[in-house]
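Reader: I have a structure in front of me and would like to learn how to read it. Could we go through it feature by feature?

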Amino acid sequence: MDANKQRWTILGQDPEILLAALANILSWFVVTFCPRFLPYLLPSSPEEEQDGDAISIDATRTRCISIGRPGGMEQLRLVTLKMDICTIGYNVRHVSPAPYTPADGFELPEDCVVVKNLAFSVNYADCTIRWGLYESAKKFVGYPIVPGFDVAGTIERVPKNNNSNFKVGDRVFGCTLFGAYSSRVVIPTIQLRKIPECIDSFSKAASFPA
């Protein structure tokens with residue numbers, strides 16, 4: 001498609017912006033006037049543990065903030081993922097499409113590690129993802145999506161053939177291309193750096209614009 005070709009509009013507005021606005025208005029309307037219907041606006045995914053499952057939720061399960069569709073704050077859902085599932089950025093498609101790793105397990109490639117995420121930043125971009133207005137989020141991930149970019153934590157898992165400078169337990173900070181609102185993230189090692197000794201907290205490390 002010709003990049004210079006003029007896109008059609010409605011009342012002078014991009015249709016995608018209008019659709020995002022309608023989705024947000026619908027979400028607000030349901031929360032305000034018909035809250036009993038809210039569960040219908042909060043879709044779940046197969047990777048999530050469902051309510052009523054007789055499981056013991058412990059530190060081995062990944063917990064994350066998932067957005068099921070464009071809308072208000074009510075679209076931010078704290079979910080627990082099934083065993084061995086982590087969140088993942090869209091540039092790690094050789095492992096799995098974002099936002100989650102496969103439910104049947106996965107082999108960690110040589111260029112990635114699993115970070116036990118202990119802090120993440122909250123940015124304006126994350127709000128636009130929730131509103132449905134962040135172009136790369138719609139293009140490369142869609143919904144559901146786990147927002148967030150900047151992370152800080154410790155290396156929890158390295159590949160079998162680990163050729164990087166990272167080892168289990170290292171304190172690291174860096175970025176992921178979505179998926180940071182999570183307790184575990186698969187991240188390419190090129191997107192991580194070790195936290196300097198002078199930085200005494202993970203929250204400070206996550207505040208650096210990686």
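Author: Let us start with a pocket. This is a predicted model. By class, four nonpolar, three polar and four charged residues make up the lining of the second largest pocket.

Reader: Which residues line the second largest pocket?

Author: The lining consists of T60, T62, D84, I85, C86, G105, F106, V114, E156, R157 and R184. The space in this second largest pocket is about 160 Å³.

Reader: D84 is in that list. Where does D84 lie in the fold?

Author: D84 sits in the loop between β2 and β3. Is D84 buried or exposed? Exposure is read from relative accessible area, and over 50% counts as exposed. D84 has a relative accessibility of 53%, so it is exposed. The backbone of D84 also deserves a look: its phi is positive, near 70°, and D84 is not a glycine.

Reader: Which other residue that is not a glycine has a positive phi?

Author: F178 is one, with phi of about 80°. F178 lies in the loop between β6 and β7. Buried means under 20% relative accessible area, and F178 is buried at 2%.

Reader: How do I read the sheet? In what order do the strands come?

Author: Read a sheet by its strand order and by the sense of each pairing. Here six strands form an open sheet, in the order β3-β7-β4-β5-β6-β8, with mixed pairing. The edges are taken by β3 (87-88) and β8 (192-194); each has a single partner strand, so one side of each lacks a neighbour in the sheet.

Reader: What about the strands between those edges? In which sense do β4 and β5 pair?

Author: Strand β4 (residues 112-120) pairs with β5 in the antiparallel sense, over six bridges. β4 also pairs with strand β7 (residues 184-188), again antiparallel, over five bridges. V115 shows both pairings: I155 stands opposite V115 in β5, and V185 is the bridge partner of V115 in β7.

Reader: Which strand does β5 pair with over five bridges?

Author: That is strand β6 (residues 171-175), and the pairing is antiparallel. Within this pairing, G153 has V172 in β6 as its bridge partner.

Reader: How do I judge whether a strand is enclosed? Why is β5 said to be largely enclosed?

Author: Count the buried residues along the strand. In β5 (residues 150-157), six of the eight residues are buried, so the rest of the structure largely encloses this strand. A general point helps when looking at any strand: in a regular one, the side chains alternate between the two faces of the sheet.

Reader: What touches this part of the sheet from a helix?

Author: Take F202, which is in helix α4 (residues 202-206). Apart from neighbours within four places in sequence, F202 is in contact with L118, A119, A152, G153, T154, R171 and I195. The C-alpha atoms of F202 and A119 are 5.8 Å apart, although 83 residues separate the two along the chain.

Reader: How do I read a polar contact? Which side chain does T80 meet in one?

Author: Look for the partner and the distance. The side chain of T80 makes a polar contact with the side chain of R63, at 3.4 Å. T80 belongs to strand β2 (residues 76-80) and is buried, with a relative accessible area of 12%.

Reader: And peptide bonds? Which bonds are cis?

Author: Omega is the angle to check. One cis bond joins A98 and P99, with omega about 15°, and P99 is in the loop between β3 and β4. Another cis bond runs from Y143 to P144, with omega near 5°. P144 lies in the loop between α3 (135-140) and β5.

Reader: What surrounds Y143?

Author: Y143 is in the loop between α3 and β5 and is partly exposed, at 30% relative accessible area. Setting aside neighbours within four places in sequence, Y143 is in contact with I67, G68, R69, P70, I129 and G132. From Y143 to G132 the C-alpha distance is 9.4 Å, with the two eleven residues apart in sequence. The side chain of Y143 also reaches the backbone oxygen of I129, at 2.8 Å.

How values were computed: Residues numbered from 1 in each chain as written. Heavy atoms only, no water. Buried < 20%, exposed > 50% of the residue type's maximum accessible area, 1.4 Å probe, protein only. Helix = DSSP H or I, 4+ residues; strand = E, 2+ residues; numbered from the N terminus. Pairing = 2+ DSSP bridges. Polar contact = N/O pair within 3.5 Å; in protein donor to acceptor, adjacent residues only side chain to side chain. 1 Å grid on protein atoms, 1.4 Å probe; cavity = no way out; pocket = protein on both sides within 12 Å on 5 of 7 lines; lining within 4 Å. Points joined across faces, edges and corners; volume = space filled by probe spheres on them. Nonpolar A, V, L, I, M, F, W, Y, C, P; charged D, E, K, R; others polar. Contact = heavy atoms within 4.5 Å.
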